[in-house]
Amino acid sequence: ARFGHQGVVRITFAAVAPILLAALVLLAAPWTASAQCEPEPEPPDHLRAVARQSYTEGVEAASEERWMEAREAFQRAFDVAPFAQIVYNLATAQAQTGRLVEAAENYRRFLRRCQSEQMPDLRSDAQQLLTSVVPRIGRLTLRVNHFESEVDRLTLDGAPLQAAILGTEIPINPGQHEVRVVRRGEELESRSFAVGEGETATVELSVEEYVGPSPEELAQGGGPGTETSSGPDVGLIVGVTVGVAVALGAVATVLAIVLTQDGGAQLPEGT
């Protein structure tokens, strides 16, 4: 590793992509803003301290090519203070650990930041790395027959997906994945599949056609056979009242018999 201008640490590493140079930047560069780009966030001082500690850990791990640890450390720093330098380094660590979709988005985020305009070398690197990462991202088209968005839930690797993505091509990280369809807490279908770098995959599932309350009935909290009148069910209330009265009468009778037979004790008058 070697230090460059403005406290930049340039680290070379072997990579699958044609671009072999990544940069890890320190928190020493000044923050700037302009109307043509996204300004830097302004977290409170205590969060800056937390970010600085995690960031330092990330730089140290990345310098030793411990990319999983670096990614986790940069993610912690990003969560509390997503400065441009942190965004850049998080993207680099994500690219090195197969999180290509996230890496591409963070390289784009870095390029939108005002501060990146003050670091032309890093902007050039970020643009080249973005160009090299995007073709490696997989593409997925997911279809589910008889999917009912009002009652069915769709997850990809445990994360919820919106029904709107069905039938459309979405970016996906290369590797092994699992998609699941759950209806009212019960798994209807699941499928494991793999997507290679730059590959396009289509996954089709079929679930049982939904037979049950309509979306309107679900919204009203009802279902087939549910009474729609807003008034109380008088017959049910009367029936329950009578039943309770009979039951209480039987208990009183049994209690009276027990007390009478137990040493001749009598219930007080009027009980």
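Two strands are taken to pair if DSSP finds at least two bridges between them. By this criterion, strand β5 (residues 152-156) and strand β8 (residues 175-183) of the predicted model form an antiparallel pair over five bridges. The chain as a whole comprises 271 residues, of which 35% count as buried, and contains seven helices and ten strands. Among contacts with a separation of 6 or more, 57% link residues that lie 24 or more positions apart in the chain.

The pair β5 and β8 belongs to an open sheet of four strands, arranged in the order β6-β5-β8-β9 with antiparallel pairing. The edges of this sheet are occupied by β6 (159-161) and β9 (186-195); each has a single partner strand, so one side of each is left without a neighbour in the sheet. On average, neighbouring strands of the sheet are turned by 30° against each other, direction ignored. In general, the strands of a sheet pair through backbone hydrogen bonds, in either the parallel or the antiparallel sense.

Residue D152 illustrates the environment within this sheet. D152 is found in strand β5 and stands opposite R183 in β8. Although D152 and R183 are 31 residues apart in sequence, their C-alpha atoms are 4.5 Å apart in space. With neighbours within four places in sequence left aside, the contacts of D152 are H146, F147, V181, V182, R183 and L188. The relative accessible area of D152 is 2%; D152 is therefore buried, since the limit for this class is under 20%.

A second open sheet consists of three strands in the order β7-β4-β10, and its pairing is mixed. Here β7 (169-172) and β10 (200-206) stand at the edges, each with a single partner strand, so one side of each is left without a neighbour in the sheet. The average turn between neighbouring strands of this sheet is 35°, direction ignored. The mixed character of the pairing can be followed from β4. Strand β4 (residues 138-145) pairs with β10 in the parallel sense over seven bridges, whereas β4 and β7 pair in the antiparallel sense over four bridges. On the β10 side, T141 has T202 as its bridge partner, and V144 has L205. On the β7 side, L140 stands opposite I170.

The helical part of the model was examined through two packing contacts that share helix α3. Helix α1 (residues 45-63) and helix α3 (residues 84-96) pack at an angle of about 35°, and their axes are 11 Å apart. The crossing of α1 and α3 is left-handed. Residues A51, Y55 and V59 of α1 and Q85, I86 and N89 of α3 make the contact. By class, four of these residues are nonpolar and two are polar, and no charged residue takes part.

Helices α2 and α3 pack at an angle of about 150°, with their axes 9 Å apart. This crossing, too, is left-handed: α2 passes α3 in that sense. From α2, the residues W67, A70, R71, F74, Q75, A77 and F78 take part, and they meet I86, V87, N89, L90, T92, A93, Q94 and Q96 in α3. The contact of α2 with α3 divides into nine nonpolar residues, five polar residues and one charged residue. Residue I86 appears in the contact of α3 with α1 and in that of α3 with α2, as does N89.

In soluble globular proteins, nonpolar side chains tend to be buried together. In the present model, the largest nonpolar core has 34 residues, and those with the most contacts inside it are A70, F74, I86, Y88, Y107, F110 and V133. Two or more residues are given to this core by each of α1, α2 (67-80), α3, α4 (100-112) and α5 (120-133). Helix α3 gives the most, with eight residues. Apart from this core lies another, of 17 residues, including F147, L154, L156 and I170. Of these residues, F147 is also in contact with D152, and I170 of β7 stands opposite L140.

Key: Residues numbered from 1 in each chain as written. Predicted model: local features only at pLDDT ≥ 70, side-chain atom pairs only at ≥ 80, totals over all residues. Heavy atoms only, no water. Axes fitted to C-alpha atoms, helices over the stretch in contact; angles between N-to-C directions. Left-handed = near helix turned anticlockwise from the far one by under 90°. Contact = heavy atoms within 4.5 Å. Nonpolar A, V, L, I, M, F, W, Y, C, P; charged D, E, K, R; others polar. Core = buried A, V, L, I, M, F, W, Y, C linked by side-chain atoms within 4.5 Å. Buried < 20%, exposed > 50% of the residue type's maximum accessible area, 1.4 Å probe, protein only.
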